[in-house]
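I opened this notebook to keep a record of what I looked up, entry by entry. I begin with burial and confidence and then go on to helix packing and single residues.

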Amino acid sequence: MQFCTACQKAPATIVIMDLSGGSVTGQQQLCAACAENMGIVQKPTSKISPEILEDLLGGLKGKGPRESAKRRETACPGCGLTPQDFKIKGRLGCPRCYEAFRGELVPLLQRVHEAATHRGRLPGRAAAAVPTVDPDNLADLRRRLEDAVRKERYEEAAKLRDDLRKIERGETEARP
Amino acid sequence: VSKKRRDDKPPQVVLGEWLQGKGPEADIAICTRVRLARNLQGFAFSTRMGDQEAAEIVKFVCDRIGKPALTEAPNLLDLDVLDELDRTVLVERHLISRELAGSKRPRAVAVDAAESVAIMVNEEDHLRVQVFQSSLQTEAAWRRAEALDEELMRRLPFAWSEEFGFLTSCPTNTGTGLRLSVMVHLPGLVWAEEIEKATNTAQKIHLAVRGLYGEGSRALGDFYQVSNQVTLGRAETQILADVALAVGRIVQWEREVREALLRGTARIRTLDRIHRALGTLERAQILSSEEALNCLSAIRFGIHTGVLDGFEVAQVNQALLLSQPGHLQRHTKERLTADDRDVRRAHLVRELLGCDP
């Protein structure tokens, strides 16, 4: 068994090779602890962070028995913007923030514009030309995404999330 | 007073829609701009996205508006590919914002050859659609912007809601997303010290009056832009009517003040000011941006009030455009320090005004 070249104590589990011009010019065997200390590998996280989960779910908040930090309950399900971020920057993070922060937004709009509802043109007829989305397929995709996250199949979840986004943007038709 | 023109012509340059100097009230109202803030469904707003998503937006938008090319804005420019000087030139031609030029995120702009349309991609909003129309032509500018917006809606899924209208990154643009601006030249109001009164009056009816050149509230060369503040709760037609009415009054006010400045005891002071400006531009060997703008403003005033003949507004407009740092350096095809630019600027303005260089 090869021992770690750094601490000489623990068994080496990681091999670092220096490559130059297509050939190996140097080699190091390290144990997991030393590799981590050197910043070569990242400590594997047993639990996925709330931010990553939030990103993966991308708006599936409020469903399922996930343990959720308090901030996530009030953050925008679309982009994760918190009410505090909004207060500090005065900018919204995504279109869905308008619903998420409706409570804060309406009085603000009233102050700025002396009105809180739109009068004027809307996409209407022209927007109808943008591919529409079958809500059933969307719901199905969301269910599968949630399931994938719960079972920690993150690669699959990420792909499902991208599919969902594409459909929401009207890039592709929803698939069953 | 008439000015001898030399036979050889100064460098000719294409003036965009901005500086055409044609149309109603063109002596005071230089240009009308309609700007629409639009965002796409399914993406975070530009201010809250990473580089990868920003690149996706640029690709997505450019695919949709580039194939087939929009007739209104057929030329797509990747701002990452352009060098800093070219981006500065676009800023000085009012086609992109200084913020977009200096931004680190992937971004683009679609323009037309006449420089009457510029669609910024990944500014504060995913799209900032701008339509320019020379002089005071709010209706014409709006009709073109509306048609362009319709075309864009057929190609892109804009974010909107029945309640809030078009959804924008900043709540100050929500609703119509429409900012209608008219660029005005107000030397009369400035010289007669009535500009503050005019500005305050405009603010009372929710219009913003800002300096066109220079930072903050300083208005160099007496150029201002008047625009609506409110974008929500008023239909576009109402916003158009409000701005057109207010600008019409400001134009009228400016005319009255100009007449007063050329009457009675005020006249000789006004003539002195215009001729001193001309003297400076004809003789100066070192000319800062600020001094150039102030003198050119006086010359423009002198031409429009008939005090100076032998000059054309087009010459002044060219000088206004070409004496800016980016254009100066592109003209000379070399990087120049601020001091070098001041020397070049003095030379260029003398040349454009037909004086002995």
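Entry 1, burial in chain A. For this entry I take a residue as buried when its relative accessible area is under 20%, with a 1.4 Å probe and protein chains only. With that cut-off, I find that buried residues make up 32% of the 176 residues in chain A. I keep in mind that this is a predicted model.

Entry 2, confidence. I looked up the overall scores, and the model has an ipTM of 0.86 and a pTM of 0.75. Chain A has a mean pLDDT of 73, with 65% of its residues reaching 70 or more. I noted that residues 61-68 of chain A have pLDDT below 50, and that this stretch nevertheless has 16 contacts in the model beyond near neighbours in sequence. For residues 125-132 of chain A the pLDDT is also below 50, and there I read twelve contacts beyond near neighbours in sequence. For chain B the average pLDDT is 91, and 94% of the residues score at least 70. In chain B I marked residues 1-11, where the pLDDT is below 50 and where the model has 26 contacts beyond near neighbours in sequence.

Entry 3, the layout of chain A. I counted nine helices and two strands in the secondary structure of chain A. Read from the N terminus, the two strands come before the helices, in the order β-β-α-α-α-α-α-α-α-α-α. Of the contacts in chain A with a separation of 6 or more, 32% are between residues 24 or more positions apart.

Entry 4, a cysteine in chain A. I located A:Cys79 in the loop between helix 3 (70-74) and helix 4 (83-89) of chain A. Which residues does A:Cys79 touch, not counting those up to four places away in sequence? I find A:Gly93, A:Cys94 and A:Cys97 in chain A, together with B:Arg48 from chain B. I also checked A:Cys79 against A:Met17, and the two are 62 residues apart in sequence and 40 Å apart in space, C-alpha to C-alpha.

Entry 5, helices 9 and 10 of chain B. Two packed helices are described by the angle between their axes and the distance between the axes. For helix 9 (residues 289-304) and helix 10 (residues 313-322) of chain B, I read an angle of about 165 degrees and axes 10 Å apart. Because angles over 145 degrees count as roughly antiparallel, I put helix 9 of chain B down as roughly antiparallel to helix 10 of chain B. Helix 9 of chain B passes helix 10 of chain B in a left-handed crossing. On the side of helix 9 of chain B the contact is made by B:Leu293, B:Leu296, B:Ile299, B:Arg300, B:Ile303 and B:His304, and on the side of helix 10 of chain B by B:Val313, B:Val316, B:Asn317, B:Ala319 and B:Leu320. By class, I divided the residues of this contact of helix 9 with helix 10 of chain B into eight nonpolar, two polar and one charged.

Entry 6, helix 11 of chain B. In helix 11 (residues 325-332) of chain B, I listed B:Gly326, B:His327, B:Leu328, B:Gln329 and B:Thr332 as the buried residues. These buried residues pack against helix 2 (84-92), helix 10 and helix 12 (338-352) of chain B. Taking helix 2 of chain B with helix 11 of chain B, I read an angle of about 130 degrees and axes 8 Å apart, and this makes helix 2 of chain B oblique to helix 11 of chain B. The crossing of helix 2 of chain B past helix 11 of chain B is left-handed. Here B:Leu85, B:Asp86, B:Thr88, B:Val89 and B:Glu92 of helix 2 of chain B meet B:Pro325, B:Gly326, B:His327, B:Gln329 and B:Arg330 of helix 11 of chain B. This contact of helix 2 with helix 11 of chain B has three nonpolar, four polar and three charged residues. After helix 11 of chain B comes B:Lys333, for which I noted a positive phi, near 55 degrees.

Entry 7, two loop residues of chain B. Is B:Asn122 buried or exposed? B:Asn122 lies in the loop between strand 4 (117-121) and strand 5 (127-134) of chain B, and I count B:Asn122 as buried because its relative accessibility is 0%. Leaving aside neighbours within four places in sequence, its contacts include B:Ser46, B:Met49, B:Leu100 and B:Arg105. B:Ala192 is placed in the loop between helix 5 (187-191) and helix 6 (195-204) of chain B, and at 28% relative accessibility I count B:Ala192 as partly exposed. With the same neighbours left aside, B:Ala192 is in contact with B:Val257 and B:Leu261.

Conventions: Residues are numbered from 1 along each chain as its sequence is written. Chains are lettered from A and ligands numbered from 1 in the order in which they are written. This is a predicted model: local features need pLDDT of at least 70, side-chain atom pairs count only at pLDDT 80 or more; totals for chains, interfaces and linings use all residues. Side-chain values use heavy atoms; hydrogens and water are left out. Buried means under 20% relative accessible area, exposed over 50%, partly exposed in between (1.4 Å probe, protein chains only). Contact means heavy atoms within 4.5 Å. Axes are lines fitted to C-alpha atoms, for helices over the stretch in contact, and angles run from 0 to 180 degrees between N-to-C directions. Angles under 35 degrees count as roughly parallel, over 145 as roughly antiparallel, 65 to 115 as roughly perpendicular and the rest as oblique. A crossing is left-handed if the near helix is turned anticlockwise from the far one by less than a right angle, and right-handed if clockwise. Ala, Val, Leu, Ile, Met, Phe, Trp, Tyr, Cys and Pro count as nonpolar, Asp, Glu, Lys and Arg as charged, and the others, Gly among them, as polar. pLDDT is the predictor's confidence in each residue, from 0 to 100.
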